[in-house]
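Please read the points below with the sequence and the model open beside you, and look up each residue as it is named. The note moves from a sheet to a helix, then to charged pairs, and closes with a position taken from a record.

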Amino acid sequence: MCHALLLFMGNAITGGGGYAGSRKTTVESARSGVPDLKMTAITATSAMVSELTRDVERLKAAMDEKDRTIEQLGRAVEDIRNMLENAVSNQFLVPSPQSSQHRLDKKKGVSGECSTSSETSKQFPKQSKPIKTKHLIKQALCKNQFLKNLNTNQISEIVDVMYPKDFEAGAYVIRKGDPGCCLYVADEGKFDVIQSGRVVDSIGPGEVFGEMAILYNCPRTASVRAIEDVRVWTLERVAYQQIMKTSAMRRFDERVGFLKSVPLMKDLNEEFLSKIADVLKEEFYPEGHYIIKQDTLGDKFYILSEGRVKVTKTNKGEDEEEEFGVLEQGEFFGEVALLKKDKRTANVVAMHPGAECLTLDREPFVHFIGNLEELKNKKYTEHPRKPSVQSTVEIKTNTFYPELFRVELTDFETVATIGVGGFGRVDLVCLKLDKSRSYAMKKLKKQQIVDMQQQEHVYNEKTILESCTSPFIGKLYKTYKDNRYVYMLMEACLGGEVWTLLRDRKCFDDNAACFVIACVVEALDYLHGIDVVYRDLKPENLLLDRQGFVKLVDFGFAKRLQPRGKKTWTFCGTPEYVAPEVVLNKGHDRAVDFWALGILVYELLAGIPPFSGNEPMDIYNAILKGIGAVNFPRQMNKMTQGLVKQLCRSDPTERIGYQKGGIQDIRRHEWFKGFDWTGLRNKNIIPPIVPHINNPLDSSNFDIYPEDGDVPPDELSGWDSEF
């Protein structure tokens, strides 16, 4: 403004003689120009403020972007720290299937307490809860990636037995490294999740944590600390497993009971009724829905499990339906569909408020079990299932080895350690007075077995191996014991582990993979023929003998299932290889071995298993999504992919090998086209991998293991009396 006035005055002075005559006009002009000068100054100031505001906004945006970058870098640093921590602690660090990285660590088996060790059902009283709390717990369980797979009744039973625990601010609900036995649902307050002394996450009301502990006993992988006074709802592992087992058995018994009431099936024995019960599906029909329509082709049989249905018929020349009667819970209809394709002769309509049926489709029924008329006309016995191909050896209860008569534990000397497991080691040994032949001595720490409640598994391994004489299964010669260990003297397979070959080669070609799988098929056929389920198939448990033939070893999770058709409930296996029914605690049988066979085919050809994760629970959730969500590598053609998918069906009754044709269906698969099965059984074909072995004491095909500095305490309870 001052600048404008100076200009004005300068113009007036330089005006000369015109000053007096134009004074009045000039003053008036000056007066009229003042508002314009004010507006000019205000406009300039406003423009400067706007520019400054834009500068501030640009700076704020840049700072926000830098904050986001810092946050991303912080998360990346935390991820790297967690990866390093997991790698150091040698936990389940599994690369993704798309990764070119190949695992360098062996996969470890896990196991819950043996099911028979807790056969006596413990009573878990119902805990009263407000409706709001019940809803919070149910919502939390249903949101959890793993627990959402449970059915409504199981969720309700779990909610009923959960009990409250209160913790003060600063108290630890879970400490890293401690054995876990409970799952928790946060009710009130907040929690920090801590790893390596740093807070990596937080938990609030309505969230589940610690769920791995309800599957089996394993160390906690992180600590959880209360930020304020908190309350949690607690579910013990033994309660969860009892609920899962009893609910599944109750449902199974109801189904078998329904089937026994059907005249078409009354002559079938328990094994086949159990198989049929497994194939039944639950379907719900709303009120007014036509479950069966007159004059349509029938392919399904129904058992009414809940609700009522009415039977109607439309006569020729009439529009209205005539009602013939009402069927109640437990009654059945449509059974002719299991015998032949025929048109339905009546309608069956769901009544209020709807009907739930157990259904049985003819096609899966025939594939899985066979033609019903043929089954009715057969005579069944309860003798053990024979292997599908006549074996060259007999099934014996025990074998005597004269060269080991009166040989004591102190007569052996150790050559080298050739394997390390969760409960002990395997040493290559020989007799002090005879170094011309070697053995594998498996020694297990007795106290650790007792602590983990694995006595039954150890006895299962002993008794099953003593009865096996298959050329595709490692022999057990003799057992010993002392105050600290139980010992199993085994056949020494000096060709090394298939896992080691796979690690060094990255992956197998079709020829080598086909041979390994064929050897495993022969071993499984033998085991299933004597009602044994193996449950721990993986490359780590496959050894090559001197000639290059593959033998199945490590029977720590094997179990004889009797009577025929019985299921077992213990969670055991290797996380990457366990079948969905094991994860969900539905009860399992030999079908789990066919699932694992599919995983093995994939791993041999791809170099890594199809299901992976940084934590075991990530692996289990991937398994529950199914094989359909897995990307197959380029080297696996459609034919091979087809075999893997047929073996890894989520429904056990649909797996190849488990259906009516048995394991012979696998041998007939086109992936094995041209394979000499007879030559394999007679061992007169040349294996694709023949190991180099210098002498009976050569351990060069095995990794080198450090000495075990841990001396276990004495364990004198006497559980090992039969060793």
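1. In this predicted model, four strands make up an open sheet, arranged in the order β2-β9-β4-β7 with antiparallel pairing. The edges are taken by β2 (163-167) and β7 (208-209), and because each of these has a single partner strand, one side of each is left without a neighbour in the sheet. As a general reminder, the strands of a sheet pair through backbone hydrogen bonds, and the pairing may be parallel or antiparallel.

2. Within that sheet, it is worth tracing how strand β4 (residues 182-188) meets strand β9 (residues 230-236), since the two run antiparallel and are joined by six bridges. To find one such place in the model, start from Val185, whose bridge partner in β9 is Trp233.

3. Is helix α14 mostly covered or mostly open? The helix is mostly covered, for 16 of its 16 residues are buried. Its length can also be checked: at 1.5 Å a residue, the 16 residues of α14 should span 22 Å, and the C-alpha atoms at its ends are 23 Å apart, which agrees. Directly after α14 comes Gly607, which has a positive phi, near 95°.

4. The structure holds 37 salt bridges, and Lys107 is a good residue with which to begin. One of its partners is Glu540, with the closest N and O atoms 3.0 Å apart. This pair links distant parts of the chain, as Lys107 sits in the loop between α2 (18-88) and β1 (110-111), while Glu540 sits in the loop between β25 (532-533) and β26 (542-544), 433 residues away.

5. Lys107 also meets Glu603 in a salt bridge, at 2.9 Å from N to O. Because Lys107 lies in the loop between α2 and β1 and Glu603 lies in helix α14 (residues 591-606), the pair ties together parts that are 496 residues apart in sequence.

6. Are the residues of these two salt bridges buried or exposed? The cut-off for buried is under 20% relative accessible area, so Lys107 counts as buried at 4%, Glu540 counts as buried at 7%, and Glu603 counts as buried at 1%.

7. A further salt bridge joins the side chains of Glu403 and Arg437, at 3.5 Å from N to O. This pair, too, links distant parts of the chain, with Glu403 in the loop between α8 (372-377) and β20 (412-420) and Arg437 in strand β22 (residues 434-445), 34 residues apart. Here the accessibility is 34% for Glu403, which therefore counts as partly exposed, and 33% for Arg437, which likewise counts as partly exposed. Elsewhere, salt bridges that share partners join Glu522, Asp525, Arg667 and Arg681 into one network.

8. Which residue does UniProt list for "binding site"? The unreviewed entry lists Lys442, a residue of strand β22. Lys442 has a relative accessible area of 13%, so this residue is buried. Leaving aside its neighbours within four places in sequence, Lys442 is in contact with Arg425, Val426, Glu461, Val486, Tyr487, Met488 and Asp554. When you describe this position, please keep the annotation, which comes from the UniProt entry, apart from the contacts, which are computed from the predicted model.

Terms used: Residues are numbered from 1 along each chain as its sequence is written. This is a predicted model: local features need pLDDT of at least 70, side-chain atom pairs count only at pLDDT 80 or more; totals for chains, interfaces and linings use all residues. Side-chain values use heavy atoms; hydrogens and water are left out. A salt bridge is a side-chain nitrogen of Lys or Arg within 4 Å of a carboxyl oxygen of Asp or Glu. Buried means under 20% relative accessible area, exposed over 50%, partly exposed in between (1.4 Å probe, protein chains only). UniProt positions are given in the numbering used here, feature names are shortened, and annotations may be inferred rather than shown by experiment. Contact means heavy atoms within 4.5 Å. The expected span of a helix is 1.5 Å times one less than its number of residues. Two strands pair if DSSP finds at least two bridges between them.
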